[in-house]
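Work through the exercises below with the sequence and the coordinates open. Each task is followed by a solution in steps.

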Amino acid sequence: MPTLTIDNKSITVPDGTNVLEAAQRLGIVIPHFCYHEALGAVGACRLCAMMFEEGPVKGLQMACMVTAQDGMQISTLHPEAQELRSHVIEWMMLNHPHDCPVCDEGGECQLQDMTIAGGHGRRRYAGKKRTWINQDLGPFVVQEMNRCIQCYRCVRTYQDYCGGDDFGVMGSRNRLFFGRFQPGKLESPFSGNLVDVCPTGVFTDKTFRFKTRYWDIEEAPAVCPHCSLGCTVIPGARYRELQRVRAGVNRQTNGFFICDRSRFGYGYANHRERIRQPNCQGAATSWREALEHLKERLGKVVNEYGPLSVAIVGSPRSSLECQALLREWTREHGYRPPLFEIDNRRDRTARILAAGLGKQARSMAEIADSDCLVMLGSDPLNEAPLLALAIRQAVRNGCHVTCLDPRAVKLPCAASHLPVQPEQLLPAINGLVANRFEEFERQDQLFLEGAAERLGRAERPVLVGGGDLLGPEGTEALLKAARSLNAGLFVTLGGPNSYGGALLSEDGPDSEEMIEAALEGEIKALFCIEADPLTEGPARSARALGQLELLVVCDHMVNRTARSADIFLPTTAPPEAAGTYINNEGRMLPFGGAYAPGLPLRDIGEGGHPPRTFSNITTGGEPRPAWAILATLLQRPLDFDSIHHGLESDPHFAGLGLLSPGGEGRRVTDAGMLPPAAQPEFPHSAPEGSLPLLVVEALFGTEPLSSLSPALEPVIPEAAVQLHPTTAARLGISDGETVSLRTELEHLRLTARTEAEMVPGLLVAYRLRGTPLELLPVGKITPCLLEKGGNDA
Amino acid sequence: MNDYPQILFKNRVVGETAFIDRFRANGGYQGLEKGLREMTPQEITATVKASGLRGRGGAGFPTGVKWSFFPADQPVEKFLVINGDEMEPGTYKDRQLLLADPHQLIEGVILSAFALQVSHAYIFIRYAYEECSRNLEQAIAEAKEAGYLGRDILGTGWDLEIHLHRSAGRYILGEETAQLNGIEGVRPNPRSKPPFPAAKGLWGKPTNVNNIETIACIPHIITGGPGWFINLGITQGGVGTKLFGLSGHLNRTECFELPVGIPLREVVETFGGGVRNGKGFKACLPGGASTPFLTAQHLDTPMDFEPLEQLDSRFGTAGVTVFDETTCMVGATLNLIRFFARESCGWCTPCRDGLSFVQWILEEIEAGRGNRDQIAMLKDQKKNITGRSFCALAEGAMGPLDGLLRHFEQELEDHVKLGRCPFGD
């Protein structure tokens with residue numbers, strides 16, 4: 001822990017800290033470009049010069065390249081340091097086009113700030129400037145190379161950190177081009193990070209182009225709602241329109257980066273079909289009338305059939321506050337205990353994980369620090385993209401990654417992949433503990449023995465699981481394995497707050513039980529809070545819901561269940577209200593509301609200038625946070641303090657009220673409770689004569705919110721069925737051919753895609769929203785028939 | 001004409017290449033036999049250290065000292081890299097050496113690799129030196145055939161493989177860490193030091209990088225002994241001989257092997273045959289394009305590291321480029337700066353943008369569009385580029401500008417005053 005003095009201020013920093021970081025800790029602002037906390041110091045820009053006056057290093061040095069040592073006395077204000085900084089800025093600005101008025105970065109441009117801070121105010125270069133022809137980089141990122149100051153952050157982010165290989169630096173001297181070899185869509189699912197890391201306007205957000213200046217945007221630190229990892233994001237809105245999402249910083253979860261689904265999947269909040277007014281039987285009404293109508297209808301059901309005829313389905317999309325009030329509401333009125341996930345497999349998986357994770361919990365930061373990772377049924381780039389980046393950082397530090405999965409799992413780093421059948425995951429997990437793999441073929445045995453051996457030798461091993469494929473039995477086995485191997489555990493779950501729902505569900509009933517009760521006519525009124533049983537629930541949900549007397553839906557998106565609601569109450573979208581999610585490692589992460597809901601001016605202004613008439617009513621401003629609707633029904637005060645206070649009486653949630661949005665969050669303590677016993681559904685298998693179809697999540701097009709985002713339309717994958725070339729050959733199907741896929745309930749035409757890296761004998765399809773595939777259960781085997789052609793569909 | 005001892009050019013016949021027969025007939029591979037059969041690796045390193053040999057690639061770092069930093073005794077994979085990316089304008093000595101006598105280098109590589117206990121040596125050769133590359137390929141094949149390369153060399157139990165790597169052809173690859181990136185096949189930006197290549201070099205393994213001429217000296221030091229080698233130099237502290245590549249406005253622009261410490265006047269007048277066309281001597285670059293100019297008043301300086309450093313210039317590669325009295329030094333400097341600005345790899349700002357800015361200022365002045373402020377700007381660019389860049393390229397580029405500002409500021413003033421170049425085109 002060296003102690004050094006910078007500008008007469010003394011500071012003690014951890015070993016290995018560089019002097020630039022030490023200065024930052026003292027609050028000294030030193031202009032810099034190439035240094036970035038996540039990317040490290042490379043000494044390219046030569047801007048962070050400081051004068052080292054006394055101590056082990058002397059003279060003018062680049063602060064980012066010098067490790068802090070005891071006795072250093074450093075001046076940042078030394079005339080030579082200031083002189084060099086002003087020169088470096090002048091050099092960088094030689095070719096810069098000075099087009100700030102038309103540049104999207106203007107106002108949040110590090111180059112603008114550093115030009116002022118560096119003391120360069122007068123242009124002395126009067127020669128010609130170097131200009132470029134820009135490339136079309138696809139739907140997400142705009143390139144304007146003339147603005148480039150060659151800090152190399154983009155290429156270090158894209159190639160080094162994110163593992164992309166279709167973008168890089170070309171040329172030399174003062175003619176460096178940062179782009180692709182040919183124009184075209186950036187292939188990395190992390191391409192949007194170029195927008196954040198570029199210190200000037202070379203790479204800007206195409207979906208945000210020419211919309212808003214930084215000082216006009218409403219932002220708040222939030223948590224990404226598109227998977228269970230809980231990455232910190234900063235949504236930004238103007239004129240009641242969610243206009244962009246940028247990465248927030250959470251060193252425990254996402255670090256500094258986010259995926260393109262998180263960044264460009266925000267369009268659901270502005271969706272034109274979003275219902276923004278309460279309605280009863282399809283007729284718009286006021287909140288007062290809707291709530292009175294609701295009480296009246298609910299009272300009737302309770303009077304007639306008793307309180308147990310009322311059931312509640314909550315959601316992993318809901319905030320912890322909403323979930324907590326749901327539970328209170330049911331308790332207060334004696335309704336059935338709430339469910340927080342209608343997909344039974346995901347529900348039970350989350351509850352088993354939450355019940356047992358305890359000390360085995362690892363954060364993404366800890367994954368990046370691991371020396372041995374074994375992935376079981378996890379496909380991070382499709383299920384939880386930032387996990388893939390954490391794994392890549394581990395590999396860059398020398399970690400070995402083993403991946404057991406039926407799919408052709410692609411990672412942005414080296415990994416040993418063994419394609420296994422879904423039902424082989426369980427014996428593989430148990431085998432890793434006992435180091436016995438008799439059920440596997442000889443060659444696979446050697447592979448697995450190698451993995452077990454590395455796991456045993458590792459100092460910081462982590463088992464990474466995909467909750468969808470593992471299911472409850474697999475997750476339970478993985479938990480036991482982690483405990484017995486003394487390894488960390490990281491299992492991805494279904495939604496942003498699956499973990500919170502799992503804790504609140506305790507040992508309450510599961511959706512099977514509820515659906516059965518509904519089918520038997522025991523349930524007459526159903527509340528769906530941000531849940532869509534008709535899409536996410538089992539196939540017989542439709543029959544169960546058909547027998548209800550009252551269906552109430554509170555949601556911010558239009559879906560099957562919302563369309564059939566008797567009473568619909570609009571809720572706010574995640575960026576429109578504050579709340580808390582608990583991510584898949586059990587980390588409580590609060591988020592702030594960036595803006596108040598309302599119909600985007602763009603939609604009512606017909607493209608014209610914002611209206612100049614003033615009114616204290618916001619058009620389309622009716623949506624309320626789901627927790628606030630429940631608080632109203634419960635006649636509680638509309639503030640978080642009382643909800644948090646109530647939750648904190650449960651030791652799991654200790655410290656919740658002290659957290660603030662944008663922070664690192666805090667792990668829940670203790671463990672939750674196991675769900676009631678159920679019939680094991682693992683291993684999967686398909687009846688004779690049929691083929692096993694595994695429906696899984698994809699990066700784009702399957703997550704419910706982001707699939708509604710128009711910005712992602714160009715990247716949504718085709719509806720395809722993936723199969724191993726040998727399976728295809730057996731069926732006489734060739735790559736790219738149209739095939740007909742028939743399940744018990746659905747019949748659809750898809751494109752066949754052969755995939756040599758996946759396991760033979762299995763069919764894999766993405767659960768694409770807006771196609772019949774969205775109705776198939778994720779992670780489970782669906783028996784199906786596959787035929788050539790499909791003209792008969 | 002050249003009565004000085006010929007060591008490196010012993011076998012040189014212009015227009016011919018000495019391959020293994022002539023090389024061995026003239027005492028070739030005796031140093032190797034002696035080194036491998038009679039000496040330990042530590043003894044070889046100690047001998048090189050005692051000889052005082054300084055690197056011939058330009059920087060002049062003592063070779064034995066560099067070797068003593070190398071973890072030769074550690075049982076890890078490590079590499080020797082021979083820097084043959086001779087791309088500095090005015091420097092062509094390594095080319096002459098490889099055209100005349102490629103086995104000399106191979107013998108030096110084997111001895112050095114033995115001293116450093118590496119089993120893989122890379123000779124990194126300039127893109128344009130195809131003939132040299134072919135000579136080396138033949139020499140490597142012959143040496144292998146003769147049992148000097150391969151497995152268990154001369155019964156020592158030690159193996160060596162020499163790999164020839166042809167450069168893709170940029171000046172920056174002469175920078176040792178950029179060269180390592182080049183061999184690895186990645187973009188040849190220099191790496192930050194520390195870690196130095198001796199700790200973390202090629203593919204992250206300990207690596208020693210030496211110039212071709214340096215390595216060619218090793219067999220002679222082993223055969224002749226350090227005392228003999230030291231005495232080859234004719235100044236106090238100057239050791240060995242040096243290949244001088246003469247170019248510019250001289251009557252004879254050839255490469256000569258001369259003792260270290262020979263006066264510049266003798267190099268120019270005796271070996272260069274004096275300034276051509278009877279013109280007067282105006283200036284010279286003493287050691288390649290990156291060394292500050294010397295003028296007529298410096299002609300009696302001994303050509304050695306210390307004396308030239310005292311004149312704020314450098315011995316560099318001993319590529320002596322002479323300018324006659326009709327030369328516009330602003331134009332000459334501009335020409336050199338253009339080279340360095342063009343060859344910047346683009347990694348750090350002072351080099352990438354600073355050099356092109358200097359180029360622009362010089363162009364303005366040379367074209368008669370300059371003003372006095374721009375002369376002041378040149379000084380302040382020089383001050384802020386020198387020592388502030390990531391590697392030595394930009395610092396080297398400031399060498400001629402430094403010489404221009406120290407010795408020929410009046411020419412800059414004249415350009416500004418006249419509004420044109422006083423020397424015509």
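The accessible surface of chain B comes to about 15,400 Å², and carbon and sulfur atoms hold 48% of that area; areas come from the Shrake-Rupley method with a 1.4 Å probe, and for residues only the protein chains shown count as cover. The model is predicted: local features need pLDDT of at least 70, side-chain atom pairs count only at pLDDT 80 or more, and totals for chains, interfaces and linings use all residues. Residues are numbered from 1 along each chain as its sequence is written, chains are lettered from A and ligands numbered from 1 in the order in which they are written, and side-chain values use heavy atoms, with hydrogens and water left out.

**Exercise 1. Describe the fold of chain B as a whole.**

Step 1. Count the elements: chain B has 17 helices and nine strands, where helices (H or I, at least four residues) and strands (E, at least two) are DSSP runs numbered from the N terminus.

Step 2. Test the compactness. The radius of gyration of chain B is 22 Å, close to the 22 Å that the globule rule gives for 425 residues, so chain B is as compact as a globular protein of that length. The radius is taken over C-alpha atoms, and the rule is 2.2 Å times the number of residues to the power 0.38.

Step 3. Add the extents: the C-alpha trace of chain B spans about 75 × 45 × 35 Å along its principal axes.

Step 4. Find the buried share. In chain B, 61% of the 425 residues are buried (under 20% relative accessible area; exposed is over 50%, partly exposed in between, with a 1.4 Å probe and protein chains only).

**Exercise 2. Repeat the analysis for chain A.**

Step 1. Chain A contains 24 helices and 33 strands.

Step 2. Its radius of gyration is 28 Å, close to the 28 Å from the globule rule for 793 residues, so chain A is as compact as a globular protein of that length.

Step 3. The C-alpha trace of chain A spans about 85 × 75 × 55 Å along its principal axes.

Step 4. Buried residues make up 63% of the 793 residues in chain A, and the chain exposes about 29,700 Å², 49% of it from carbon and sulfur atoms.

**Exercise 3. Which residues touch the most other members of the largest nonpolar core?**

Step 1. Such a core is a set of buried Ala, Val, Leu, Ile, Met, Phe, Trp, Tyr and Cys residues joined through side-chain atoms within 4.5 Å.

Step 2. Of the 119 residues in the largest core, those touching the most other members are A:Leu4, A:Val19, A:Phe33, A:Phe178, A:Phe203 and B:Leu355. The largest share of this core, nine residues, comes from helix 13 (residues 329–343) of chain B.

Step 3. Leaving aside neighbours within four places in sequence, the contacts of B:Leu355 (heavy atoms within 4.5 Å) include B:Ile337, B:Phe340 and B:Met398.

**Exercise 4. Place helix 17 of chain A in its surroundings.**

Step 1. Helix 17 covers residues 511–519, and its buried residues are A:Ser511, A:Met514, A:Ile515, A:Ala517, A:Ala518 and A:Leu519.

Step 2. These buried residues pack against strand 16 (310–313), helix 9 (344–356), strand 22 (525–529) and helix 19 (541–546) of chain A.

Step 3. Just after the helix, A:Gly521 takes a positive phi of about 80 degrees.

**Exercise 5. Is B:Ala143 buried or exposed?**

Step 1. B:Ala143 lies in helix 7 (residues 130–145) of chain B.

Step 2. B:Ala143 counts as buried because its relative accessibility is 0%.

Step 3. Leaving aside neighbours within four places in sequence, B:Ala143 is in contact with B:Ile20, B:Tyr29, B:His103, B:Ile106, B:Tyr148 and B:Leu149.
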